[in-house]
Amino acid sequence: MPAGRLIPPDPTDTEDRSHPSHLSQPLHPSRPSCPSRPSRPSRRTVLAGAGAGVVAAGLPAAAARAASVAPAPVVGEYDVVVVGSGAAGMTAALTAAKRGLSVLVVEKAPTFGGSAARSGAGIWLPNNSVLRAAGVPDTPEKAATYLAAVVGDGAPADRQRAFLENGPRMLDFVMANSPLRFRFMEGYSDYYPELPGGLPNGRSIEPDQLDGNVLGSELAHLNPAYMPVPAGMVVFSQDYKWLTLAAVNARGAAVSAECLARGTAAALRGEKPLTMGQALAAGLRAGLLRAGVPVWLECPLVDLVVEGGAVTGVVVHREGAQGVVRARRGVVVGSGGFEHDAAMRARYQQQPIGTQWTVGAKENTGDGIRAGERAGAALALMEDAWWGPAIPLPGEPYFCLAERTLPGGLMVNAAGARFVNEAAPYSDVVHVMYDKDRPAAGSHIPAWLVVDQNYRNRYLFKDVLPTFVLPDAWYASGAVQKAWTWDGLAGRMGVPAGALRATLNRFNAQAWAGSDPDFRRGDSAYDHYYTDPGVHPNSCLAPVWVPPFYAFRIVPGDLGTKGGIVTDARARALRPDGSVIRGLYAAGNASAAVMGRSYAGAGSTIGPAMTFGYVAANDIAAG
């Protein structure tokens, strides 16, 4: 499928959506959640589209049959219904509530926060008040020039302008209406700082420390982090760079001590300290609590109610039954991407692909995107994702950031040859893997990250301390191989020994010289963020020469998919002909990303998600 192609609604889905089918059991809208959870549909059911409105949402078969014979009760009526309680959804709900509208949030999961709660919560948002207070030399002109250079024709210019103009306003609004505060991630470079308008010192911010006690009992419903903060510590995203280096760098050791001191101080104050995505989601939820916005957990979207060509509500599955919630002014779809739906990934994305390599929230199965498509919305960027190299560890994949960038490692393909700048932005690395794998399947997927014992003695790897042995389960799963010679490692990896030897000899010579003419590793300021400043002359490069040697299997992981409902600069859903679907809005990973096929900097997912949630709610309120 061509990149960015607009995808019309599935022509095989001809079911009338004007009067959605539903069950007759009464629901209880006053209850915050329901004890029963729907089962997942089979791949065959999804592909067949049988009873698309209800079956694709995962209702049990008996419920689907009953739905065709009995009208559903109306279980609530609000000005705005928001689907999804991630960063996009909760920002939209908070904005709508503060504009004087009645709002309901419906959430499929038994927890709130979605993928945002699992994340490091970097937020890329040029020219905001936090950056100005930190003295960041940004201007609207610089930001617009840079974003246009990064995105190109991947997103319309008016959507790019809407993001840049509304982002700073959104952030000030969130800080005024929630306990959230933010801090500058100094030094976390834009991903392409050499482009016009790029900033080597970065534009990304992250949530400041938040006391989870502000949520009371609701804190128990917060979606857990992807990687929990070590017990007794308070760690920010920006700290991880230095924690990785704590064994070999004085600043790393100082940051580690500071994290521990923060944790100790918070414990003495009786706080439940939250940072990163946990702080972001908790802070937004606290804002909704203050604003009196209900959040119905374990209430998946079944379908949109479409009447007279306009979206006027949603059908949800709650407490074992199906019901309609009316939306007088509009519906905002912020339900995330489709990274955990095997059928959609197989339909839209290049092989090999699957649901086992993503770190997105497990409930992200494209429900909102499919519902929008059935309502007539165009789709775009469905072939793309917020990619990143991942190690398929047992239980859950590990999304590699510092590990592939630190000096003393390199990535090779099935032929034992280097093929990419390992320190490049993570999305770019996977794009290269797919592009080079396309002519010869299996040539670049999986790839391998090769390091030596010197590397293992110096740096944290995931949560394994330097010099500590890697878990046996990693070896048993095939995610890691180890040998005392290069040839022995090649045999375990299944690559030609002579080719790997030649690659390592060339790489080591370049590392000693501090220059990488093959892939220019270290030429960009971004390349040096997750590196070791104690290594000279190039902090990105060190030889691989001390046995034993290790190889980590690398697959195309992601933080979530980035394709979805096509929207305009007002976050309104559009049909393939460009006309607006009245009453339907989308934001976050349920919409086609304003970043197009690229990635401007850390937080290019969450920054636009929150901004367009804010834009959608303001447009509804102004309507």
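## A guided tour, starting at strand E18

Begin by selecting Ala483 and Phe549, which are bridge partners, with Phe549 lying in E18. The names of helices and strands used here are DSSP runs numbered from the N terminus, with helices being H or I runs of at least four residues and strands being E runs of at least two. This is a predicted model, in which local features need pLDDT of at least 70 and side-chain atom pairs count only at pLDDT 80 or more, while totals for chains, interfaces and linings use all residues. Residues are numbered from 1 along each chain as its sequence is written, and side-chain values use heavy atoms, with hydrogens and water left out.

**The whole chain**

Before going further, show the whole protein, which has 623 residues, 62% of them buried, where buried means under 20% relative accessible area, exposed means over 50% and partly exposed lies in between, for a 1.4 Å probe and protein chains only. Its secondary structure comes to 19 helices and 21 strands. If you colour by pLDDT, the predictor's confidence in each residue from 0 to 100, the average for the protein is 90, and 89% of the residues score at least 70. Over residues 8–70, however, the pLDDT is below 50, although this stretch has 128 contacts in the model beyond near neighbours in sequence, a contact being heavy atoms within 4.5 Å. Where pLDDT is low, the predicted coordinates should not be read in detail.

**Strand E18 and its partners**

Now select residues 549–561, which form E18; eleven of the 13 residues of this strand are buried, so E18 is largely enclosed by the rest of the structure. Two strands are said to pair if DSSP finds at least two bridges between them, and E17 is joined to E18 by four bridges, with the two running antiparallel. Add residues 385–391, strand E13, which pairs with E18 in the antiparallel sense over five bridges, and look for Ala390 opposite Val555 of E18. E16 also pairs with E18 in the antiparallel sense, here over six bridges; Leu449 stands opposite Phe552 of E18, and Val450 has Ala551 of E18 as its bridge partner.

**Strand E16**

Select residues 447–452 next, since all six of the six residues of E16 are buried, so this strand is largely enclosed by the rest of the structure. In a regular strand the side chains alternate between the two faces of the sheet. Here Ala447, Leu449 and Val451 point one way from E16, while Trp448, Val450 and Asp452 point the other way. Adding residues 409–412 brings in strand E15, which pairs with E16 in the antiparallel sense over four bridges, and Leu410 can be found opposite Val450 of E16.

**Helix H17**

Move to residues 486–493, helix H17, in which Trp486, Leu489, Ala490 and Met493 are buried. Seen down the axis of H17, the buried residues fall within an arc of 105 degrees, taken from the directions from the helix axis to the C-beta atoms, so they line one face of the helix. On the other side of H17, Gly491 and Arg492 are exposed. The elements covering the buried residues of H17 include E15, E16, E17, helix H18 and E18. Just after H17, Gly494 takes a positive phi of about 80 degrees.

**The nonpolar cores**

A nonpolar core is a set of buried Ala, Val, Leu, Ile, Met, Phe, Trp, Tyr and Cys residues joined through side-chain atoms within 4.5 Å. The largest such core has 137 residues, of which Phe182, Leu280, Ile391, Phe552, Met595 and Met610 touch the most other members. Helix H19, residues 606–622, gives the most to this core, with ten residues. Centre the view on Leu280, which touches residues including Ala116, Leu180, Phe182, Ile606 and Met610, when residues up to four places away in sequence are not counted.

**A small sheet and a buried arginine**

From Phe182, look across to Pro207, its bridge partner in E5; three bridges join E4 to E5, residues 204–207, and the two run antiparallel. These strands belong to an open sheet of three, in the order E3-E5-E4, with antiparallel pairing. E3 and E4 stand at the edges, each with a single partner strand, so one side of each is left without a neighbour in the sheet.

Finish at Arg285, which lies in helix H11, residues 276–291, and which counts as buried at 5% relative accessibility. Among the residues that Arg285 touches are Met90, Phe112 and Glu218, again not counting residues up to four places away in sequence.
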